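Visitor: I am new to this structure and should like to look closely at one part of it. Please begin with a single residue and then describe its surroundings in a connected account.

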Amino acid sequence: SVPAEEASPTSMTVDVGQEAWFAGFHVTFGTATAQLDSYGGTVLIEAEFENTGDEPGSLDATLDLAYGGEHAEEAFEMDIPNVPGGSMSDGTFAFRVDDTFTFDDAVLTLGLSTNQQAVVPLTPTAGEAVTQEPVAIDAAGRGTADTLTIDLHGGEMRADQPWSHGQMEDGSFVLTLNYDATFESDFAGGFAFTAENVALRLPDGTTVGVIQDGRSQSIELIGPESTVKDLYSRFEIDDPAGGGYALLVRSFEDTEDEIPFSIP
């Protein structure tokens with residue numbers, strides 16, 4: 001009898017053309033290649049990793065490549081680079097798949113189900129992307145409480161935390177508000193500005209303070225009749241986030257003002 005011929009190895013390539021933001025990294029996905037034979041094979045996905053934080057690190061994400069009801073195992077070719085803060089490096093996602101693999105319904109998910117996951121379909125037919133791209137918030141206004149004035153000039157909502165290379169839990173975002181603070185008095189000792197001087201009123205009317213991680217609030221001694229620019233406060237808010245908010249301005253004289261803004 002004539003032995004059955006081995007099936008020739010096959011190669012498939014797609015241009016993923018997607019982006020994702022996770023744990024302080026902006027990942028841009030390039031070419032994905034599958035090399036398969038009758039026993040299965042390997043999927044390699046080229047990617048560029050931009051570290052959006054200040055400190056060096058590598059992408060810390062649980063990875064799941066799903067296709068046809070299967071979940072791939074990570075392959076030894078996996079190359080997740082360590083990237084200096086504010087820099088970019090190339091790398092490769094690599095997975096072992098069986099011989100039924102196709103790109104048609106292949107989806108790469110970053111993060112556990114308890115995280116704000118990023119979802120990367122490898123082809124347009126594979127589903128909707130969830131990029132977790134940060135969103136600029138149009139927040140502006142002035143509030144004065146006794147001798148403290150805050151000029152709010154913008155913000156950002158995001159699912160990741162570049163300052164700690166962390167990821168928010170499912171159902172939550174982090175809202176960063178940017179502002180200038182002025183001490184209106186000529187008191188020589190100045191004004192000790194801390195997280196006690198700001199809070200956020202949520203759409204449901206409740207009030208929350210700054211995230212208590214030691215990295216989410218500017219702390220400044222503001223000189224007499226002086227302004228300190230480019231300060232920030234970070235708050236945890238719900239996903240979905242739409243509604244009316246207010247940044248509360250508080251002095252040490254138990255006076256309060258508010259700067260209303262909305263998130264669409």
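Is Asp 180 buried or exposed?

Guide: The model shown here is a predicted one. Asp 180 is buried, because its relative accessible area is 11%, and the limit for that term is under 20%.

Its charged partner is the next point of interest. Asp 180 forms a salt bridge with Lys 229, and the closest N and O atoms of the two are 3.6 Å apart. The two residues belong to distant parts of the chain: Asp 180 sits in strand β15 (residues 172-183), while Lys 229 sits in strand β20 (residues 226-238), 49 residues apart. Lys 229 counts as exposed, because its relative accessibility is 56%. The bridge thus pairs a buried aspartate with an exposed lysine. In general, side chains of opposite charge can pair when their charged atoms come close.

Just before strand β20 there is a loop to consider. Glu 225 lies in this loop, between β19 (220-222) and β20. Glu 225 is exposed, with a relative accessible area of 57%. Phi of Glu 225 is near 50°, a positive value in a residue other than glycine. Setting aside residues up to four places away in sequence, Glu 225 touches Phe 183, Glu 184, Ser 185 and Asp 186. Phe 183 falls within the residue range of β15, the strand that also holds Asp 180. A separation of 56 Å lies between the C-alpha atoms of Glu 225 and Gly 127, which are 98 residues apart along the chain.

On the other side of strand β20 comes another loop. Pro 240 is found there, between β20 and β21 (243-250). A cis peptide bond joins Asp 239 to Pro 240, with omega at about 10°.

Strand β21 leads to a sheet. Four strands form an open sheet in the order β18-β17-β21-β22, and their pairing is antiparallel. Its edge strands are β18 (207-208) and β22 (256-263), each of which pairs on one side only. Strand β17 (residues 198-201) is joined to β18 by two bridges, and the two run antiparallel. Within this pair, Leu 200 stands opposite Val 208 in β18. As a general point, strands of a sheet pair through backbone hydrogen bonds, either parallel or antiparallel.

Salt bridges also involve residues of this sheet. Arg 201 and Glu 258 meet through their side chains in a salt bridge of 2.6 Å, N to O. This pair, too, links distant parts of the chain, with Arg 201 in strand β17 and Glu 258 in strand β22, 57 residues apart. Arg 201 counts as partly exposed, because its relative accessibility is 26%; Glu 258 is likewise partly exposed, at 33%. A further salt bridge joins Glu 256 and Arg 250, whose closest N and O atoms are 2.7 Å apart. Glu 256 has a relative accessible area of 48% and is therefore partly exposed, and Arg 250 counts as partly exposed at 28%. Elsewhere, Glu 156, Arg 158 and Asp 160 are joined into one network by salt bridges that share partners. The structure holds seven salt bridges.

The network leads to another pair of strands, β11 and β12. Strand β11 (residues 135-145) and strand β12 (residues 148-158) run antiparallel and are joined by nine bridges. Gly 143 stands opposite Ile 150 in β12. The hairpin of β11 and β12 has two residues between the strands, and Asp 146 takes a positive phi near 55° there. Gln 132, in the loop between β10 and β11, has a positive phi of about 60° although it is not a glycine. Gln 132 is buried, with a relative accessible area of 12%.

The account may close with the nonpolar interior. The largest nonpolar core has 36 residues, and those with the most contacts inside it are Phe 29, Ile 45, Leu 65, Phe 93, Phe 101 and Leu 108. The largest share of this core, six residues, comes from β3. Apart from it lies another core, of 32 residues, among them Ala 181, Val 210, Ile 237 and Ile 263. One of these, Ala 181, falls within the residue range of β15, the strand in which Asp 180 is found.

Definitions and conventions. Residues numbered from 1 in each chain as written. Predicted model: local features only at pLDDT ≥ 70, side-chain atom pairs only at ≥ 80, totals over all residues. Heavy atoms only, no water. Pairing = 2+ DSSP bridges. Salt bridge = Lys/Arg side-chain N within 4 Å of Asp/Glu carboxyl O. Buried < 20%, exposed > 50% of the residue type's maximum accessible area, 1.4 Å probe, protein only. Contact = heavy atoms within 4.5 Å. Core = buried A, V, L, I, M, F, W, Y, C linked by side-chain atoms within 4.5 Å.
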